[in-house]
Amino acid sequence: CHLDAAEFAPDRAAVVERARAAGVAPMLVPAVSAATFADTIAIAREFDCLLALGIHPLYLPDCLETSLALLREAIEREKPCAVGEIGLDFFVSDLDPARQTELLVAQLQLAREFDLPVLLHLRRAQDAVLKALKQTGVTRGIAHAFNGSRQQAEGFIRQGFKLGFGGAMTWPRALNLQRLAADLPLEAIVLETDSPDMPPAWRAGQRNEPAELARIAQVLAGLRGITVEEVAAATSANARAVLGL
């Protein structure tokens, strides 16, 4: 969850309290830009959240020659639990794929160097991200907001990754996502909100919140025909394992 997002500025403490009341803890806050590392770090500390540091592909235009050096310094200093949010976004047409890939590979190499998992953004870029993982030898992380094919899902699982499912899975037309969530091995699935983005169906057009994870877990339980307690236990264990907690 992006607790550092501007959308949470008016009531961030209340958002965190609602999440904890719903049983959502600890929360993982990933950075998206070197320019906001300080804010992300401060908020993760203030609310006792897990921290990930990385440069998101959508922030490529803001990425300076010094950005990767700043990322390295921040990783050394803050000891985050993951490198992220990083990846590729081939949905946005004016982001150069070659520069995106260069940035991704550099950050994957940092993850290898510091022995950290990665949190991956892979919108319309599943195969290209998987290729980069294989090239760099990164074998631990989460494929965030997974929305690929069964074959692509199995490729990420073979690479050692968990697949993140969240609000998108709750929409009635998300039949492919629902099939994947129902049929993939439970040990390969983690839950997420990506709040304030990607609201579930019952919050259409509204700000998403980390507290919604509890109801998202209920949806996954219904799809799989198991109890929400089983979903909570398994996905929490999966998240802890991939993050080395």
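In this predicted model, strand S3 (residues 82-89), helix H4 (residues 97-114) and strand S4 form a β-α-β unit that is right-handed. From S4, the chain continues through helix H5 (residues 126-136) to strand S5, and this β-α-β crossover is also right-handed.

**Strand S4 and its partners**

Strand S4 covers residues 118-123, and 5 of its 6 residues are buried. Strand S4 pairs with S3 and with S5, which spans residues 141-143. The table sets out the two pairings.

| Strand pair | Sense | Bridges | A residue pair |
|---|---|---|---|
| S3 and S4 | parallel | 5 bridges | Gly 87 and His 121 |
| S4 and S5 | parallel | 3 bridges | Leu 119 and Ile 142 |

In the pairing with S3, His 121 of S4 is the bridge partner of Gly 87. In the pairing with S5, Leu 119 stands opposite Ile 142.

**The cavity**

The structure also contains 1 cavity of 30 Å³ or more. The largest cavity holds about 40 Å³ of space. Its lining is made up of Ala 145, Phe 146, Gly 164, Phe 165, Gly 166, Ala 168, Met 169, Leu 177, Glu 192 and Met 198. Sorted by class, this lining comprises 7 nonpolar, 2 polar and 1 charged residues. Glycine is counted as polar and glutamate as charged in this sorting. Among the lining residues, Gly 164 and Gly 166 are therefore polar, and Glu 192 is charged.

Terms used:
Residues numbered from 1 in each chain as written. Predicted model: local features only at pLDDT ≥ 70, side-chain atom pairs only at ≥ 80, totals over all residues. Heavy atoms only, no water. 1 Å grid on protein atoms, 1.4 Å probe; cavity = no way out; pocket = protein on both sides within 12 Å on 5 of 7 lines; lining within 4 Å. Points joined across faces, edges and corners; volume = space filled by probe spheres on them. Buried < 20%, exposed > 50% of the residue type's maximum accessible area, 1.4 Å probe, protein only. Helix = DSSP H or I, 4+ residues; strand = E, 2+ residues; numbered from the N terminus. Pairing = 2+ DSSP bridges. Right-handed = clockwise from strand over helix to strand, strands pointing away.
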